[in-house]
Amino acid sequence: MKNKLTNIMQDFSKAMLVPVLMLPIAGILIALGNVLTNARLIAMFPLLGNAVTTGFGSMLSGSLVAILNNLGVIFCVGLAIGLARTKKAEAGLTSLLVFLVFINAMNKFMSLNGMLVEADSLTGTGQALVLGVQILDMGLFLGLILGCVCAFFHNKFIDTEFNNAFQIYGGSRFVFIVLIPVTILLAVFLTYAWPPVQYLIDSLGQFINSAGNFGIFLYGALERLLIPTGLHHLIYMPFLYTSLGGTAEVGGQIYEGCRNIYFAEMADPSVSILSASVVWDARGLSKMFGLLGACLAMYHTARPENRSKIKAILIPAAFTSFIAGVTEPIEFSFLFVAPILFVVHAALSGLGMVAFNLLNCRAIGPNGFIDFLLYNLPLGIGKTHWPTYILIGVVEFFVYYLVFRVLITKLNLKTLGRETDGMEMKLHSKAEYKDKVAKEKNAGKSDGGINAALIVEALGGADNIVKVDNCFTRLRLIVKDSGIVKDDVLKRDTGASAVIKKGEAVQVVYGLQITKVRKAVDKELGLEQ
């Protein structure tokens, strides 16, 4: 039961990434719109001060802000697609139809019972206009609820078929037929059930805010501590897109969630400084700076004869963390051999966010250096205080370095380059290399240099694999028997940085090449669509 619940939560966490990974693109383009309409830049480069450029910049920022006002429908469709096991396109279309049915059903029910307030005074009433229809203000949670409901019924009934004249009502049509009464009843139920739930959410948000820096510390530490389970998305996403991350009025529109707020503020030239709620997305400090200090500490504490070897491991991992914010290759290098370092890493990550808040920094830094530059430079120092972010990061680099170095040496932790057993540090000979290449050819190496046949074999063979999926950095699988999965082969011969097992659920961490790995494995298993 526990493993089943964990698998459900991991599936939900993974499915949330479908819409979430799209939204930063909107933020980056809003930043580009700001560049094209920035008065200081136009003064420096008069060529930008023409109607075409400034008009396009205004349209770019203004049109993309509309995404933030419609996150419910976006997450409904994205979550349904992510959770659907098969025929994902049909699941997405069905979820869109269900969303339209729901908002109109709730509006009609509330109207019949005299529950609607005047449409010109919705602020503070708990009601809002969703796609022009007045209903209870459920924000992002409406999309999450409907997306999960749609996916559940889609997976249950998508293969239902009928004979003769009724055959046109099978498959996705039958799913929608079943969902219509379910959606209407759900609209009636949530009309009464949602207000107390919203009260609890608001109370939790008030508690977190009243906790001040301690709440920020817990948030930052937990977000890192849950990395091994793959459930860390469930910590930060509610703060990014719901009222837990703050509520603010920007340009006459109410926005919930720290990311929605700062995206709207980026597009509003009347906003002189970003809101303090941006602290909930300051997760990039440890990614860009802290873990680089950890890498340097591991390098300096390695045995001298191994330093040149682990340099080849640490430099690419550190570069990926700094540029793109992908941290698993570094974190998993010490998670299992020295768990105390991972706990310390989580604590230092939380403390970095506390420093961000104490120093009144307002810079946007959720991931790596590329995001940091694109978001903050166009907005300027006054609106973001981005040099403070760099200063905090530099200090965090040295703190990580000193703490990791002291712990590794004093506790004699077996990090990279210090292990005596169980760690392959030797360089392969030319003969060994030719032998490995021959084996890879015989195993059927996949496109893009991914040895899919070896990956499948190490996972126990095709017959042992029940389900294949992936998130941003991990191959996520359900297998019949995780005991026959060969962790050492996956890590040594296929480029995986870690293998995590939880009952029948297996996660293999591949980092930024995960898309190529997933395609190659699907092709090897004959799952290509």
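**View 1. Aspartate 488 and arginine 492 form a salt bridge in this predicted model.** Look for the closest N and O atoms of the two side chains: they are 3.9 Å apart. Side chains of opposite charge can pair when their charged atoms come close. Why are these two separated by about one helical turn? Aspartate 488 and arginine 492 both belong to helix α21, and because they are four residues apart there, about one helical turn separates them. Aspartate 488 is partly exposed, with 44% relative accessibility, and arginine 492 is partly exposed too, at 42%.

**View 2. Salt bridges that share partners build one network.** Here you can find Glu223, Arg224, Arg259, Asp281, Arg283 and Glu331 joined together. In the whole model, the count of salt bridges comes to 11.

**View 3. Lysine 501 pairs with aspartate 487 in a salt bridge.** The closest N and O atoms of this pair lie 2.8 Å apart. Which parts of the chain does the pair link? Lysine 501 sits in strand β7 (residues 498-502), while aspartate 487 sits in helix α21 (residues 487-493), so the bridge connects distant parts of the chain, 14 residues apart. As for accessibility, lysine 501 is partly exposed, with a relative accessible area of 33%. Aspartate 487 is also partly exposed, and its value is 22%.

**View 4. Arginine 303 and glutamate 305 make a salt bridge.** In this close-up, the closest N and O atoms are 2.9 Å apart. Arginine 303 has a relative accessible area of 28%, which makes this residue partly exposed. Glutamate 305 counts as partly exposed as well, with 48% relative accessibility.

**View 5. The largest nonpolar core holds 88 residues.** Which residues have the most contacts inside this core? They are Phe75, Phe102, Met106, Met266, Phe356 and Tyr389. Helix α8 (residues 172-211) gives the most to the core, contributing 10 residues.

**View 6. Tyrosine 389 has many partners to spot.** Set aside its neighbours within four places in sequence, and tyrosine 389 is in contact with Gly284, Leu285, Met288, Phe289, Phe356, Cys361, Ala363, Gly365 and Phe372. One of these, Phe356, is listed with tyrosine 389 among the residues with the most contacts inside the largest core.

**View 7. A second core is separate from the largest one.** This core has 30 residues, and you can start exploring it from Leu291, Ala294, Ala338 and Val509, which are among its members.

Terms used
Residues are numbered from 1 along each chain as its sequence is written. This is a predicted model: local features need pLDDT of at least 70, side-chain atom pairs count only at pLDDT 80 or more; totals for chains, interfaces and linings use all residues. Side-chain values use heavy atoms; hydrogens and water are left out. A nonpolar core is a set of buried Ala, Val, Leu, Ile, Met, Phe, Trp, Tyr and Cys residues joined through side-chain atoms within 4.5 Å. Buried means under 20% relative accessible area, exposed over 50%, partly exposed in between (1.4 Å probe, protein chains only). Contact means heavy atoms within 4.5 Å. A salt bridge is a side-chain nitrogen of Lys or Arg within 4 Å of a carboxyl oxygen of Asp or Glu.
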